[in-house]
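Reader: I've got a model open and a few things to ask about it. Can we go through the cysteines, then the charged pairs, then some strands?

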Amino acid sequence: MEEKNYFVHESSYIDDGVEIGEGTKVWHFCHVQTGAKIGRHCSLGQNVNIANNVIIGNDVKIQNNVSVYEGVEIEDGVFCGPSCVFTNDLTPRARYPKGRANYKKTLIKEGASIGANATIVCGHVIGNGALIGAGAVVTTNVPKHALMLGVPAKRVGWVCECGELLDSTLVCSCCKRKYRETSEGLEEE
């Protein structure tokens, strides 16, 4: 019998054909479906569903009550707050399912954070280090290090890699990183 180098609570289901990295913890009442790939040192909170063929990087924290649907990819170091929502179909119908070939892809880039109860409408990219506020509804691509709030979400500021809000100097008061604005968002100097 193969020894597991990750933890799965006895109440959770892991389908065949799943890859789970070393040190990952899958807590109560989770379901990880066939073809999913979960990296090292991740945490899946209570009642998390990872759908077929989803890719999740290393050091990702997915809080309670989150479903990551097929078509969503999450890079390293991403935080998904409790009950945040991902979609994969812009015009769903129960009687006319389109299937995986028609899912809109969503990419959550390295180091981004998504607040509790935020909704990420499919077909968009959330940039590196971006911060999506609690309850925000993202309907567009999000620049690197953008602070997004509201319904629909709008950029209201910038955020450092360490999570500190940046003022107009774009120098972090906490860790002293310096940034400059580009067409893709912020770049560290």
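Author: Sure. Keep in mind that this is a predicted model. On the cysteines, the disulfide count comes to 0.

Reader: Why is the sulfur of Cys172 too far from the closest cysteine sulfur for a bond?

Author: A disulfide needs two cysteine sulfur atoms within 2.5 Å. For Cys172 the closest cysteine sulfur belongs to Cys162, and that is too far for a bond because the gap is 3.6 Å.

Reader: And which cysteine holds the sulfur closest to that of Cys30?

Author: Cys30 is buried, at 2% relative accessibility. Its sulfur has to look 12 Å away, too far for a bond, to find the closest cysteine sulfur, which sits in Cys42.

Reader: Is Cys172 buried or exposed?

Author: The cut-off for buried is under 20% relative accessible area. Cys172 comes in at 1%, so this cysteine counts as buried.

Reader: On to charges. How many salt bridges turn up in a search of the whole structure?

Author: One of them pairs the side chains of Asp89 and Lys98, at 2.8 Å from N to O. Asp89 is buried at 18% relative accessibility, while Lys98 is partly exposed at 33%. Searching the whole structure gives a total of 7.

Reader: Which residues does the salt-bridge network with Lys144 join?

Author: Lys144 and Glu187 meet through their side chains at 2.7 Å, N to O. That pair links distant parts of the chain, with Glu187 in strand β25 and Lys144 in the loop between β20 and β21, 43 residues apart. Lys144 also bridges to Glu184, with the closest N and O atoms 3.6 Å apart. Shared partners make one network of Lys144, Glu184 and Glu187.

Reader: Is Lys144 buried or exposed?

Author: Buried means under 20% relative accessible area. Lys144 has 19% relative accessibility, so this lysine counts as buried.

Reader: Now the strands. Which residue of β23 is the bridge partner of Trp158?

Author: Strand β22 covers residues 154–159 and pairs antiparallel with β21 over 4 bridges; there, Ala146 stands opposite Trp158. β22 is also joined to β23, residues 165–166, by 2 bridges, again antiparallel. In β23, Trp158 partners with Leu166.

Reader: Which residue in the turn between β22 and β23 has a positive phi?

Author: The β21 and β22 hairpin has 4 residues between its strands, and Gly150 takes a positive phi near 100 degrees there. The hairpin of β22 and β23 has 5 residues between the strands, and the positive phi in the turn, about 105 degrees, belongs to Gly163.

Conventions: Residues numbered from 1 in each chain as written. Predicted model: local features only at pLDDT ≥ 70, side-chain atom pairs only at ≥ 80, totals over all residues. Heavy atoms only, no water. Pairing = 2+ DSSP bridges. Buried < 20%, exposed > 50% of the residue type's maximum accessible area, 1.4 Å probe, protein only. Salt bridge = Lys/Arg side-chain N within 4 Å of Asp/Glu carboxyl O.
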